[in-house]
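Reader: I have a model open and would like to learn how to read its features one at a time. Could you walk me through it?

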Amino acid sequence: MSSAFLCTKLFPIYKISIDSTPLHNKHQVFFRPISSIAVSTSGLYTETDKPILSRKSLDPDSYTVSYLINSCGLSPETAISASEKLNFETPERPDSVLNLLRTHGFTQTQISNLVRKRPGLLLANPDKTLLPKLKFFHSIGVSRTDLARTLSLDPNILTRSLENYIIPCYNFLKSVVQSDKKVVAAMKHTSWVFSKDHRLFLVPNIAVLKKIEVPQSSIALLLAHYPEAILRKHDRFREIVDEVRDMGFDPLKSTFVLAMHVISGKGYKLIWDRCYKVYSEWGWSKDEILLAFRKYPQCMILSEKKISRAMDFFVNKLGWPSKEIARCPVILFYNLEKRIIPRCSIIQVLSLKGLLKKDLSLSTILLPGKKNFLERFVTKYEDEVPQLLSVYRGEMDILGL
């Protein structure tokens, strides 16, 4: 796609180096051949394409090191290390790269991170190599803010060929999730969706899911919202799938891929054990914990504090049996102050006024959307209890009614 950029003026090549070391009061001379520099067809140096620099070019007072410190914000130590991967004597090319990044929303900190991780990008062709990639990501809906954040964390994406890698990867992702919006969502979760080869990870792993009849909608859900789970090495991915099946999850239901997300998470066993301990302390049996997990897998990745605060409110303040929560564990995810307390306060008022003819389950109270809840339990009774909306907003205590 772009032309190579190697200048012998910038990268002096020495065919032979000489080391001399004393041996029995004499000097023995060793001749060591040094391979020539290979140039990547993408116009960027790969990890193995490291130019051979003279000692002078690694001098902390060299122009390259000074530029990396003053223009890119690198520390002296990092600048010296980065100068091993590139060398230049004039600022035109790196200046044009930095200007391009700034005009596309990169902060100075993000530029520093990008250069520190991939210093060779400073010598990329900004118009032919970098700009087309930035324009492509913007064209599919990636905002400048999100793109700058993603590329500063994983600048390797910019070393990939647009035509031969990035676009084919995008086409595959969209074929799975069915929209640009979901491709962008996956990229926001992890840059791996564009930096890892989809042919080595996504293709074989998705084939495993299709083989056990996981619906396309569930696969799209996993890739768009929990891409780290599906970008595992193939052997580990198969182990996760087998583990979820052994726990009794139905591949035809979305909870199957949600459980995969939980189990594939970093340090999940430690988090699982902590959640298990908290639920046990609230009186749940092993079977009830597994029941809750099968109903809503994410209940096993909540913090101990969030679980305990919600359980304390439901059990100690509302008087609900602890085991009832296990039948509807999704309510543990809701915000206590913004959703749970306002709604439960409304139900308490209506119950005290004798306006509810039957007991309601927690799912009936907490699962409906805000509009649905207000219409059913606030607007409907505003003639009998005009203060209901004030109670819902937290502006009036129920004891004042």
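Reader: Let's start with a helix. How many of the residues of helix α14 are buried?

Author: Happy to help, and please keep in mind that this is a predicted model. Helix α14 spans residues 255-264 and is mostly covered, with 9 of its 10 residues buried. The buried ones are T255, F256, V257, L258, A259, M260, V262, I263 and S264.

Reader: What covers the buried residues of α14?

Author: Other helices are part of the cover, including α10 (202-211), α11 (216-225), α12 (227-230), α13 (234-246), α15 (268-281) and α16.

Reader: Now α19, please. Which helices do the buried residues of α19 pack against?

Author: They pack against α17, α20 (362-366), α21 (370-377) and α22 (388-392). The buried residues of α19 are L336, I340, P342, R343, C344, S345, I346, I347, V349 and L350. Notice that a residue such as R343 is on that list, beside aliphatic ones such as I346 and I347.

Reader: And the ends of the helix? Which residue caps the N-terminal end of α19?

Author: N335 does: one of its side-chain oxygens lies 3.0 Å from the backbone nitrogen of E337. After α19 comes G354, with a positive phi near 70 degrees.

Reader: Which residue other than glycine has a positive phi near 75 degrees?

Author: That is Q178. Q178 belongs to the loop between α7 (162-177) and α8 (180-189), and it counts as exposed because its relative accessibility is 56%. Another case is E213, which is not a glycine and has a positive phi of about 65 degrees. E213 is in the loop between α10 and α11, and at 56% relative accessibility it also counts as exposed.

Reader: Let's turn to aromatic rings. How many aromatic pairs does the count come to?

Author: First the general idea: two rings are described by the distance of their centres and the angle of their planes. In this model the count comes to 13 aromatic pairs. One of them joins F136 and F137 edge-to-face, with 5.7 Å centre to centre and 70 degrees between the planes. Both of these residues are buried.

Reader: What is the geometry of the pair formed by Y296 and F333?

Author: Y296 and F333 are also edge-to-face, at 5.1 Å centre to centre and 75 degrees between the planes. This pair links distant parts of the chain, 37 residues apart. Y296 is in the loop between α16 (286-295) and α17 (304-317), while F333 is in the loop between α18 (322-326) and α19 (336-352).

Reader: Why is Y296 called partly exposed?

Author: Because its relative accessible area is 23%, and buried would require a value under 20%. F333 is partly exposed too, with 29%.

Reader: Which residues form one aromatic cluster?

Author: F136, F137, Y170 and F194 do. F194 is a good one to inspect: it is found in helix α9 and is buried, with a relative accessible area of 0%. Leaving aside residues up to four places away in sequence, F194 touches F137, I157, Y165, I166, C169, Y170, L173, V183 and M187. F194 and I167 are 27 residues apart in sequence, yet their C-alpha atoms are 9.5 Å apart in space.

Reader: What about S195? Which side chain does S195 join through a polar contact of 2.9 Å?

Author: The side chain of D154. S195 is in helix α9 (residues 192-195) and is buried, with a relative accessible area of 13%. Not counting residues up to four places away in sequence, S195 touches D154, I157, R160 and Y165.

Reader: I also like to look at charges over rings. Where does the charged end of R339 sit?

Author: Over the ring of Y334, 4.0 Å from its centre. The charged end of K196 likewise sits over the ring of F201, 4.7 Å from its centre.

Reader: One last feature: how many disulfides does a search of the whole structure find?

Author: In general, a disulfide is a covalent bond between the sulfur atoms of two cysteines. Here the search finds 0 disulfides. As for individual cysteines, C72 counts as buried because its relative accessibility is 0%, and C169 counts as buried at 0% too.

Key
Residues numbered from 1 in each chain as written. Predicted model: local features only at pLDDT ≥ 70, side-chain atom pairs only at ≥ 80, totals over all residues. Heavy atoms only, no water. Disulfide = S-S within 2.5 Å. Buried < 20%, exposed > 50% of the residue type's maximum accessible area, 1.4 Å probe, protein only. Phe/Tyr/Trp six-rings, centres within 6.5 Å; stacked < 30°, edge-to-face > 60°. Helix = DSSP H or I, 4+ residues; strand = E, 2+ residues; numbered from the N terminus. Lys NZ or Arg CZ within 6 Å of the ring centre and 35° of its normal. Polar contact = N/O pair within 3.5 Å; in protein donor to acceptor, adjacent residues only side chain to side chain. Contact = heavy atoms within 4.5 Å.
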